[in-house]
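Welcome! Here is a short briefing to help you find your way around a structure you have not met before. Please keep the 3D view open as you read.

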Amino acid sequence: MKKLVYFFAISLLISACNNKKPITTEEKQCESSVSQNIEKITPAPQAITVPGPVAGTVMPEEYVYQMGKQMYFWGWPLVNMHNRVLVMRQVPEPGLNGGAVPVAPVGQLCMLADYITPAERYVACPNQDVVYGFGIGMLNESPIVLQVPDFGERFWIVQMVNQRTDGIGGLGSMYGSKSGFYMIVGPDWKGETPQGITQVIHSNTNMVVVIPRAFMNNTPEDKTAIQPLINQVMMYPVAQFDGKMKTTDWTKAPAFPDTNKSGSGQEVAFVIPEKFFDELPDVIKEVPALPGEESMYASFNSVLEAANKNKDLKAALVKAAIDAEKELIEPFRQFKNVGIPAGNHWNTTKNGAAFGTDYLSRTATARANIFVNQPVETIYYNQDFDSTGKELNGKANYTITFKKEELPAVKGFWSLTVYDQHHFFYQNPEEIYSLGTKNKDLKHNADGSLTIYLQNKKPEGDKVSNWLPIPAAKFGFLLRAYWPEESMVKGYTPPAVVVAK
């Protein structure tokens with residue numbers, strides 16, 4: 001059709017020139033219409049593609065080393081997630097690794113029946129405000145069905161993240177989600193939705209991590225009341241779905257020996273520098289490139305291909321990984337290096353679990369606190385300093401006072417949690433790891449303000465209920481705000497941490 005229009009236009013012009021007659025009004029209108037059509041059918045210029053280096057291009061060792069550092073930084077969170085799947089493939093049934101960490105075979109999850117314990121070393125920066133669950137699905141193997149009970153007025157959220165640690169879907173109190181069956185499918189899913197499924201949630205990677213959280217007050221009554229609810233939180237392959245709510249008594253979850261124990265007090269190492277570049281090729285295949293990443297993927301693959309053929313280049317990559325772990329990744333174990341300033345020496349993250357191509361924030365967060373929620377779900381504030389800018393150390397005593405109008409404005413809950421230098425609970429004889437909404441015995445000051453006492457030794461008198469024990473060495477802590485009000489989302493500065501007089 002386009003060829004016919006073009007041919008008609010040329011014929012008209014040639015005819016007009018040959019006849020040399022005055023062009024009628026009708027012919028002028030026709031010529032104008034044709035000219036417009038010619039403009040419309042003019043082919044657009046071809047987009048320039050960037051395929052990456054030409055095959056066989058010489059690569060000096062220094063180039064491969066420097067590229068290797070970049071690849072290590074970019075791929076650290078993705079390889080971390082990849083290797084968590086391998087750990088779950090060793091699990092025989094839902095249970096507690098080391099008696100502390102919920103684990104389950106791929107396609108299933110396990111729930112705790114109480115707060116997580118200080119022995120946990122699988123995910124940095126845990127909290128003792130919620131009852132956790134954990135599971136991993138590989139959606140190219142099977143879609144998975146997640147059961148959600150009716151939590152009533154109790155705050156709850158199910159975090160779902162892809163292999164890039166970006167959130168998918170939205171499921172929880174703040175979304176008005178209902179009790180029911182939620183099916184999670186992968187990027188290539190083309191099946192039919194079984195009758196009885198409440199909603200289908202799409203993941204853009206085949207790997208998905210599912211972490212349910214249900215708020216629980218620190219009282220014996222609430223710990224009893226929550227049990228029949230969490231017993232209905234389950235996950236399984238779609239083939240097992242029958243439209244009926246299944247239950248499991250999670251208080252009877254078996255305990256397994258922890259074969260991945262770190263032994264150093266640090267988080268279990270899911271990224272081993274010496275093995276990284278043996279694993280990265282599989283990860284690149286697993287995680288589709290985002291728009292604009294095609295040339296980067298091509299460059300990465302060219303380096304991997306060259307190193308696969310040359311032992312010296314492979315050695316350069318391994319050295320790059322070892323150096324990058326120490327020089328680029330390790331600094332993010334400190335809160336001061338993560339996020340953006342929020343005032344009073346606090347830092348926060350504006351795009352948690354919504355990183356996209358913000359590789360700095362993704363990797364920094366993965367090292368410091370890998371499974372964060374999206375900001376509409378949770379805002380995190382991290383602190384390493386007192387009001388003078390000096391690093392926190394338990395040799396001193398501190399206070400943090402929230403004026404009545406400064407208390408975190410939340411529809412869910414808030415809490416302060418102390419962490420040791422490795423970002424895990426500071427184990428103390430009192431077994432106090434956080435304070436906040438869950439604590440019903442907090443004492444407010446006469447003007448409605450709230451003072452928290454951070455010190456290594458137990459205070460006297462009425463300060464005890466507001467005491468948060470700290471180690472007698474370097475430490476840091478997090479302020480969490482779950483389901484924050486709009487005022488917090490727009491901007492909030494927590495009060496400074498002051499050295500006690």
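The points below cover a helix pair, some aromatic rings, two charges over rings and one loop residue. Please keep in mind that this is a predicted model. Among its features are a contact between helices H3 and H6 and 22 aromatic pairs.

**Two helices that cross**

- Helix H3 spans residues 61-88 and helix H6 spans residues 273-286; their axes come within 8 Å and cross at roughly 75°.
- Angles of 65 to 115 degrees count as roughly perpendicular, so H3 and H6 are roughly perpendicular to each other.
- On the H3 side, the contact is made by Gly68, Met71, Tyr72, Trp74, Gly75, Trp76, Leu78, Val79, His82 and Asn83.
- H6 contributes Pro273, Phe276, Phe277, Glu279, Leu280, Asp282, Val283, Ile284 and Glu286.
- By type, the residues of this contact divide into 12 nonpolar, four polar and three charged.

**Aromatic rings**

- The structure holds 22 aromatic pairs, and two of them are described here.
- In one pair, the ring centres of Phe73 and Phe332 are 6.2 Å apart and the planes are at 55°, so the pair is tilted.
- This pair links distant parts of the chain, 259 residues apart: Phe73 belongs to helix H3, while Phe332 is in the loop between helix H8 (311-329) and strand S12 (340-343).
- Both Phe73 and Phe332 are buried.
- Another pair, Phe155 with Tyr482, is edge-to-face, with 5.7 Å from centre to centre and 85° between the planes.
- Here too distant parts of the chain are linked: Phe155 is in the loop between S5 and strand S6 (156-162), Tyr482 is in strand S20 (residues 476-484), and 327 residues separate them.
- Phe155 has a relative accessible area of 6% and is buried; Tyr482 has a relative accessibility of 1% and counts as buried.
- Phe155 and Tyr482 also belong to one aromatic cluster with Phe215, Phe413 and Trp483.

**Charges over rings**

- Arg121 lies over the face of Phe424, at 4.5 Å from the ring centre.
- Lys246 lies over the face of Tyr236, at 5.1 Å from the ring centre.

**A loop residue to look up**

- You will find Ser142 in the loop between strand S4 (130-138) and strand S5 (144-148).
- Leaving aside residues up to four places away in sequence, Ser142 touches Pro237 and Val238.
- From Ser142 to Gly186 the separation is 44 residues in sequence and 8.5 Å in space, C-alpha to C-alpha.

Methods
Residues numbered from 1 in each chain as written. Predicted model: local features only at pLDDT ≥ 70, side-chain atom pairs only at ≥ 80, totals over all residues. Heavy atoms only, no water. Helix = DSSP H or I, 4+ residues; strand = E, 2+ residues; numbered from the N terminus. Contact = heavy atoms within 4.5 Å. Axes fitted to C-alpha atoms, helices over the stretch in contact; angles between N-to-C directions. Parallel < 35°, antiparallel > 145°, perpendicular 65-115°, else oblique. Nonpolar A, V, L, I, M, F, W, Y, C, P; charged D, E, K, R; others polar. Phe/Tyr/Trp six-rings, centres within 6.5 Å; stacked < 30°, edge-to-face > 60°. Buried < 20%, exposed > 50% of the residue type's maximum accessible area, 1.4 Å probe, protein only. Lys NZ or Arg CZ within 6 Å of the ring centre and 35° of its normal.
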